[in-house]
Amino acid sequence: MGDAVNAAPYKSAPQFPVLQVRPRNTLCASGSIIGVPNDTNMVEIGLSLGIVIGQTACHISESEADSVVAGYIPVVEICLPSNSHYRPNVRLKARDGFTVRRTCNPPSANINPDNLATSVTLNSQQHSKGPLANTCDMRP
């Protein structure tokens, strides 16, 4: 995003993780064929960590947060290009099948979310591969 992150409306980089909610219609399984509109020649691809909350969790402390996590999912987010990260056109972000997810990895003492494997393959060519930690880390 370059210098745009310091511009209005927020005037600084995020200090905490940016949460996004993707509607159910956007979800598809890893390995699915994703339909890209004929009138576009480019998509943006991002990697994220999906955190599955397994029970109702309201007003819990940071130390209690892990107790409600049901698992972690590496997620590939596909969207049509937009000029604004802060107020993107939902039609460009929430398209059918544009959120590719793998199976849920249950939380355990042996799983570090940063070490979850990610791989992006486009038209049978691998474009990136590595641990989730190689993507942007927004932890405070």
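Strands, written E, are DSSP runs of at least two residues, and they are numbered from the N terminus; in this sense Ser67 has its place in the loop between E2 and E3. The structure discussed here is a predicted model.

**Overall architecture**

The chain contains one helix and six strands, and these elements follow one another along the sequence in the pattern β-β-β-α-β-β-β. Of the 140 residues in the chain, 21% are buried. Among the contacts with a separation of 6 or more, those between residues 24 or more positions apart account for 64%. The exposed area of the chain is about 10200 Å², of which carbon and sulfur atoms supply 51%.

**The nonpolar core and the segment around E1**

In soluble globular proteins, nonpolar side chains tend to be buried together. The largest nonpolar core in this chain has eight residues, namely Cys28, Val76, Ile78, Leu80, Leu92, Phe98, Val100 and Val120. Once neighbours within four places in sequence are left aside, Cys28 is in contact with Ile34, Gly97, Thr99, Val100 and Arg101, and of these Val100 is itself listed in the core.

Thr26 lies in the segment before strand E1, which spans 27-29. Is Thr26 buried or exposed? Thr26 counts as buried because its relative accessibility is 0%, and the cut-off for burial is a relative accessible area under 20%. Not counting residues up to four places away in sequence, Thr26 touches Ala94, Arg95, Asp96, Gly97, Phe98 and Thr99. Gly97 and Thr99 therefore appear among the contacts of Thr26 as well as among those of Cys28.

**Surface and loops**

Leu49, Ile51 and Ile53 make a nonpolar surface patch of about 250 Å². Ile53 has its place in strand E2, residues 44-53, and is partly exposed, with a relative accessible area of 49%; this value falls in the partly exposed class because exposed residues must have over 50%.

The table sets Ile53 beside three loop residues.

| Residue | Relative accessible area | Class |
|---|---|---|
| Ile53 | 49% | partly exposed |
| Ser67 | 56% | exposed |
| His59 | 84% | exposed |
| Ile33 | 85% | exposed |

The loop between E2 and strand E3 (69-79) is the place of His59. Most residues other than glycine have a negative phi. His59, by contrast, is a residue other than glycine with a positive phi, near 55 degrees. Ser67 is also placed in the loop between E2 and E3, and its C-alpha is 9.6 Å from that of Ala57, the two residues being ten apart in sequence.

**The E5-E6 hairpin**

Strand E5 (residues 117-122) and strand E6 (residues 125-131) run antiparallel and are joined by six bridges; one of the pairings is that of Thr121 with its bridge partner Gln126 in E6. What value does phi of Asn123 take in the hairpin of E5 and E6? Asn123 takes a positive phi near 50 degrees, in a hairpin that has two residues between the strands.

Ile33, which lies in the loop between E1 and E2, provides a link in space to this hairpin residue: Ile33 and Asn123 are 90 residues apart in sequence, with a C-alpha to C-alpha distance of 9.6 Å.

How values were computed
Residues numbered from 1 in each chain as written. Predicted model: local features only at pLDDT ≥ 70, side-chain atom pairs only at ≥ 80, totals over all residues. Heavy atoms only, no water. Helix = DSSP H or I, 4+ residues; strand = E, 2+ residues; numbered from the N terminus. Buried < 20%, exposed > 50% of the residue type's maximum accessible area, 1.4 Å probe, protein only. Contact = heavy atoms within 4.5 Å. Areas by Shrake-Rupley, 256 points an atom, 1.4 Å probe, with all protein chains shown as cover. Patch = residues over 30% accessible without salt bridge, like charges linked within 9 Å, V, L, I, M, F, W, Y side chains within 5 Å. Salt bridge = Lys/Arg side-chain N within 4 Å of Asp/Glu carboxyl O. Core = buried A, V, L, I, M, F, W, Y, C linked by side-chain atoms within 4.5 Å. Pairing = 2+ DSSP bridges.
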